[in-house]
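Dear colleague,

I am passing on a structure for you to look through, and below it I have set out what was found. Please keep it open beside this note as you read.

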Amino acid sequence: MVLKSVESRLERIFEKTFSRTFKSTLQPIEIGSRIVREVDLTRRLSSQGPISPNQIRVWLGPVDAARFEGFQKALVSELEETVRQHALSEGFSFVGPVKVEVFIDDDIKPGNLEVKTEFLGGESQPRLIADDGRSFNLGDRPLVIGRSPEVEIIINDSNVSRRHAEVWRTGEGVAIRDLQSTNGTFVNGHRVTAVSLTPRDDVTIGSLHFRIELA
């Protein structure tokens, strides 16, 4: 489940260094869980399917905010990834890039928080995300994937050709093309020549898996 992966990521960042700090106050996982709940409650339906809010504002009390000081940027980054992962798992799309902001409210007591969501349109920034943790923004030029040190996305795998495949933006989203590789490019287990991609598609090149994120 998404909340389990949220908890796992947040714990990896905070549990060793800050477990004592957060022992009796607001936990990072509580913020992530509350955001996921608000996203579910405020999602909208469109002709293209459910849409997730992409602007998330979080208010903390001064006591909890002080404990997050110094590593708020890491927390915000993980919370933004939490929203993206949850939307992916639920089949939600976005109207613009995901952004999480954290504010201080003097009237909020320790251990409490408030979350508000908003739909804010903007130019999408598609990304190609690899299961080894790397991510690549898709701009105007195609990204070539392969074993060669001269390509944009390098995979050190003998089963990957030097110039194996390329990914590029289209008017509708993102597409991938196999560059006559020896062992093929696979989307959802099927070998492809060229195909458009959705966020739910699993792209396999050698032993590495990729997915796309459209907003």
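To start with one pairing, strand β9 (residues 153-154) and strand β8 run parallel to each other over two bridges, where strands are DSSP runs of E with at least two residues, helices are runs of H or I with at least four residues, both numbered from the N terminus, and two strands pair if DSSP finds at least two bridges between them. In that pairing, Gly146 has Ile154 of β9 as its bridge partner.

Before going further, please note that this is a predicted model, in which local features need pLDDT of at least 70, side-chain atom pairs count only at pLDDT 80 or more, and totals for chains, interfaces and linings use all residues. Residues are numbered from 1 along each chain as its sequence is written, and side-chain values use heavy atoms, with hydrogens and water left out.

Strand β8 (residues 143-146) also pairs with strand β10 (residues 165-169), here in the antiparallel sense and over three bridges, and Ile145 is bridged to Ala165 of β10. Within β8, Leu143 and Ile145 point one way while Val144 and Gly146 point the other way, and all are buried, meaning under 20% relative accessible area with a 1.4 Å probe and protein chains only.

Turning to helix α4 (residues 72-90), its 19 residues should span 27 Å at 1.5 Å a residue, and this agrees with its end C-alpha atoms, which are 27 Å apart; the expected span is 1.5 Å times one less than the number of residues. Its buried residues include Leu75, Leu79 and Val83, and just after α4, Gly91 takes a positive phi of about 80°.

Overall, the protein has four helices and 16 strands, and 46% of its 215 residues are buried.

Best wishes

Terms used
Buried < 20%, exposed > 50% of the residue type's maximum accessible area, 1.4 Å probe, protein only.
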